[in-house]
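Me: I am new to this structure and would like a close look at a single part of it. Please pick one strand and describe what surrounds it.

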Amino acid sequence: EEEPKEEVLRRLAFFGDLPARALIQLRFMSLVETKRPGFFTGQTVSWGATEGSDWDVDVMELSSDLAAQCIGQKGSMRNKLRAATGATLDFIDSTVYVVGPAAQRRLAR
């Protein structure tokens, strides 16, 4: 019998300003979820915000149809939502992660 392979987890560091780091982290999470569905489900994710800032993440479940509408063709609606709200947002399956200051997250809801 073949022994199961031990899973190796690695840490990644993303550099740049906070909105750019949040966006690349969300994109990375989305890519991992396509390969390993459920990998980030229920996990707390650190966004690297300084203590005392109002940067945080709102996680919301959407229906598959609504998520598809919010993403749009080739991500066009997602990009419009980002531009209109100023928040960093991305979708992992039908879960939307909205990252940014409280005013931007509130507008994105």
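Reply: What follows is a description of strand β3 and the parts that meet it. The model is a predicted one.

Start with how covered the strand is. β3 is mostly covered, with 6 of its 6 residues buried. In a regular strand, side chains alternate between the two faces of the sheet. Here T95, Y97 and V99 point one way from β3, while V96, V98 and G100 point the other way, and all are buried.

Next come the strands that pair with it. Strand β1 (residues 56-61) is joined to β3 by 6 bridges, and the two run antiparallel. In this pairing V57 stands opposite V99 of β3. Strand β2 (residues 88-92) also runs antiparallel to β3, joined to it by 5 bridges. There L89 stands opposite V98 of β3. β2 and β3 form a hairpin with 2 residues between them, and D93 in the turn has a positive phi of about 60°.

Now consider the nonpolar cores. The largest core has 13 residues, of which L26, M29, W47, Y97 and V99 touch the most other members. Two elements, α1 (18-35) and β3 (95-100), give two or more residues to this core. Of the elements, α1 gives the most, with 5 residues. W47 touches both Y97 and V99, and its other contacts beyond four places in sequence include L26, M29 and V57. A second, separate core of 7 residues includes V98, along with A87, L89 and F91.

Two helices have residues that touch this region. R82 lies in helix α3 (residues 76-85). R82 counts as buried because its relative accessibility is 15%, under the 20% cut-off. Leaving aside neighbours within four places in sequence, R82 is in contact with A87, L89 and D90, as well as L23 and R27.

The other helix is α2 (residues 64-71), which holds A67. A67 is buried, because its relative accessible area is 3%. Beyond its neighbours within four places in sequence, A67 is in contact with L62, F91, D93 and S94. A67 and I92 are 25 residues apart along the chain, and their C-alpha atoms are separated by 9.4 Å.

To put the strand back in its setting: β3 pairs with β1 and with β2. Residues Y97 and V99 belong to the largest core, whereas V98 belongs to the second one.

Key
Residues are numbered from 1 along each chain as its sequence is written. This is a predicted model: local features need pLDDT of at least 70, side-chain atom pairs count only at pLDDT 80 or more; totals for chains, interfaces and linings use all residues. Side-chain values use heavy atoms; hydrogens and water are left out. A nonpolar core is a set of buried Ala, Val, Leu, Ile, Met, Phe, Trp, Tyr and Cys residues joined through side-chain atoms within 4.5 Å. Buried means under 20% relative accessible area, exposed over 50%, partly exposed in between (1.4 Å probe, protein chains only). Helices (H or I, at least four residues) and strands (E, at least two) are DSSP runs, numbered from the N terminus. Contact means heavy atoms within 4.5 Å. Two strands pair if DSSP finds at least two bridges between them.
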